[in-house]
Amino acid sequence: MEISRPRGTRDFLSDEMKQRKYVENTFRRVFENYGYGEIKTPIFEDLTLFTMKSGEAIKEEIYHFKDKGERDLALRPELTAPVSRLYLNELQRSPKPIKMYYFGSCFRYERPQAGRFRQFWQFGCELIGGKSPEAEAEVIAMAAHCLNEIGLTDYEFHIGNLGIIRSLLNDAKIPADEQGQIMGLVDKGDVEELENLLNNMDISGSLKEILLKLIEIKGHNEVIGEVRSIIKKCEGAFKALDDLEDLLNHLETFGFTNYIVNLGIARGLDYYSGMVFEIYVHGLGAQKQISGGGTYNLIEIFGGEPVESTGFAFGFDRVMEALKKQNAEIPVEGHVDVFVAPLSSNMRKDSFKIVQDLRRDGISADVDLARKKVKKLLSYADHLGVKYAVLVGARDIEDGKVTLKNMESGNQELIGLDNLAMKLHDELGID
RNA sequence: GCGAAUAUAGCUCAACGGUAGAGUAUAAGAUUGUGGUUCUUAGAGUUGCAGGUUCAAAUCCUGCUAUUCGCCCCA
């Protein structure tokens, strides 16, 4: 019986892994250039970690199980909660701000479709204890920097601030559960349903009007003035708007201005407190969001002292999809640079010695292991995409020489074994 | 969790009720130690799985599984 992959999972072959590695390494470089240090947390955690954050209902879409010690555990569905736990366990007394980044797979029991899998990868970061518009600006600039570095250009970067609408609702003494319903529809962008909902609630006509106007607003920093004129004497909302304006001004300084202010971003989750952002790439179907994040106060939920944090994550698989959609050039190198080919069967042992010498000299090299004929060997070397073939023949080896063949030009020369490694170092540009 | 489409060789697809084929990839060969082109040959499929209708099923029907597209949710 043939055993197949579990639903919603994927196998990655080496060509695809090369592309993923390239993007992964690029992101790593950028994050580290911004002063972030990599952390790793367990693949599974106490189930409570996630239910505390997202409510009991989250169990529906989590892989969770009891271990042999009757502990309730869960495969992590995201990484913000584990990182917050790590902070509480290890880093509460460290100097702030703390900059951490992570890359790892997460698991959700959901129905798979394009861009949505049961095992997927997130690349993200948390900046803990540095709440300020400039901290937020730096995080946003870094996210954009990452996309820039991998050559992804066709995206929309939406920035909002939950404080504005939340303050308005709080001032009007709207109960928490009703606020949740409202924010849910705001996030969905379902204006019609939202209007229905507001009509059924005990909400003044003017507030209703303000809300409906606010969520429609999209644009660059010029919309700040527009928003200010709409909000009527709500101190909290003005404060949040000032923060947003401050953030946008800082973004200019950090060199990123390709954003869209969008107050319709709600990000569903309650713990987001201020700035929120989402990045979309069109043409990816329903799963067009490649990244999301914002400023939150999650640590308090887990019982720590209040610390404002800002974080975001890239949906790594969706970033890869977006790159493919955009036909972005992903630099991919061949497996090896050199192939060592014995020209007759009694030259095999010499070939093995030669290939090992090359490898010890730091040259990536492969050798015939399938006892193929010379023609097939060169054909195979061609398939590997090597730059050079070393042809080991009995006549040459007597003089301590081999033939070095440039696979691209077809030129070949006789070269002493003593000089082979040095010559290849020069030709391949290896230090 | 709900609705819809699809499932044939490693890959891309054909056959549309009457013996499963092509392209491509793979392997071997075209006389001694030379590739990317060409030619010859070969292997490769219980047609996703399990039932049903029929003299006869890849083809029609049902269920299951998987993938894809929406809804939902998110990354």
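In this predicted model, three strands make up an open sheet whose order is β2-β4-β3, and their pairing is antiparallel. The edges of this sheet are formed by β2 (44-46) and β3 (64-66), each of which pairs on one side only, and the twist from one strand to the next averages 35 degrees.

The central pairings can be followed residue by residue. Strand β4 (residues 72-75) is joined to β3 by three bridges, with the two strands running antiparallel, and within this pairing Lys66 has Asp72 of β4 as its bridge partner. Helix α2 (residues 47-54) packs on this sheet, where it touches β2, β3 and β4, and the direction of α2 makes about 70 degrees with that of β2. Between β2 and β4 there are likewise three bridges in the antiparallel sense, and here Asp46 has Leu73 of β4 as its bridge partner. The hairpin of β3 and β4 has five residues between the strands, and in that hairpin Glu70 takes a positive phi near 65 degrees.

A second open sheet is built from nine strands in the order β1-β5-β6-β12-β11-β10-β7-β9-β8, with mixed pairing. Its edge strands are β1 (37-38) and β8 (218-219), each pairing on one side only. Within this sheet, strand β7 (residues 156-161) and strand β10 (residues 272-280) run antiparallel and are joined by six bridges, and Phe157 stands opposite Ile279 of β10. Helix α1 lies across β1, β5 (98-107), β6 and β12 (309-315), and runs at about 5 degrees to β6. Helix α3 (residues 80-91) also packs on the sheet, touching β5, β6 and β11, and the direction of α3 makes about 135 degrees with that of β5.

Helix α1 (residues 14-33) contains both Glu24 and Arg28, which are four residues apart, or about one turn of the helix. Side chains of opposite charge can pair when their charged atoms come close. The side chains of Glu24 and Arg28 meet in a salt bridge with an N to O distance of 2.4 Å, and the structure holds 23 salt bridges.

The protein also has a surface near RNA strand B, around which there are 44 residues, and of these Arg108, Ala114, Arg318, Arg395 and Met407 come nearest. By residue class, this surface divides into eleven nonpolar, 15 polar and 18 charged residues. Viewed from the RNA side, 46% of the strand B atoms within 4 Å of the protein belong to sugar or phosphate, while the rest belong to bases. Three contacts made by polar side-chain atoms with RNA strand B are set out below.

| Residue | Atom of RNA strand B | Distance |
|---|---|---|
| Glu110 | base oxygen | 3.0 Å |
| Lys372 | phosphate oxygen | 3.2 Å |
| Asp396 | base nitrogen | 3.2 Å |

The elements that give two or more residues to the surface near RNA strand B are β6 (119-128), β11 (289-296), α13 (374-384), α14 (394-397) and β16 (401-406). Of these elements, α13 supplies the largest share of that surface, with six residues. Strands β6 and β11 therefore appear in two settings, being members of the nine-strand sheet and also contributors to the surface near RNA strand B.

Notes
Residues numbered from 1 in each chain as written. Chains lettered and ligands numbered in written order. Predicted model: local features only at pLDDT ≥ 70, side-chain atom pairs only at ≥ 80, totals over all residues. Heavy atoms only, no water. Near = heavy atom within 4 Å. Polar contact = N/O pair within 3.5 Å; in protein donor to acceptor, adjacent residues only side chain to side chain. Nonpolar A, V, L, I, M, F, W, Y, C, P; charged D, E, K, R; others polar. Pairing = 2+ DSSP bridges. Axes fitted to C-alpha atoms, helices over the stretch in contact; angles between N-to-C directions. Contact = heavy atoms within 4.5 Å. Salt bridge = Lys/Arg side-chain N within 4 Å of Asp/Glu carboxyl O.
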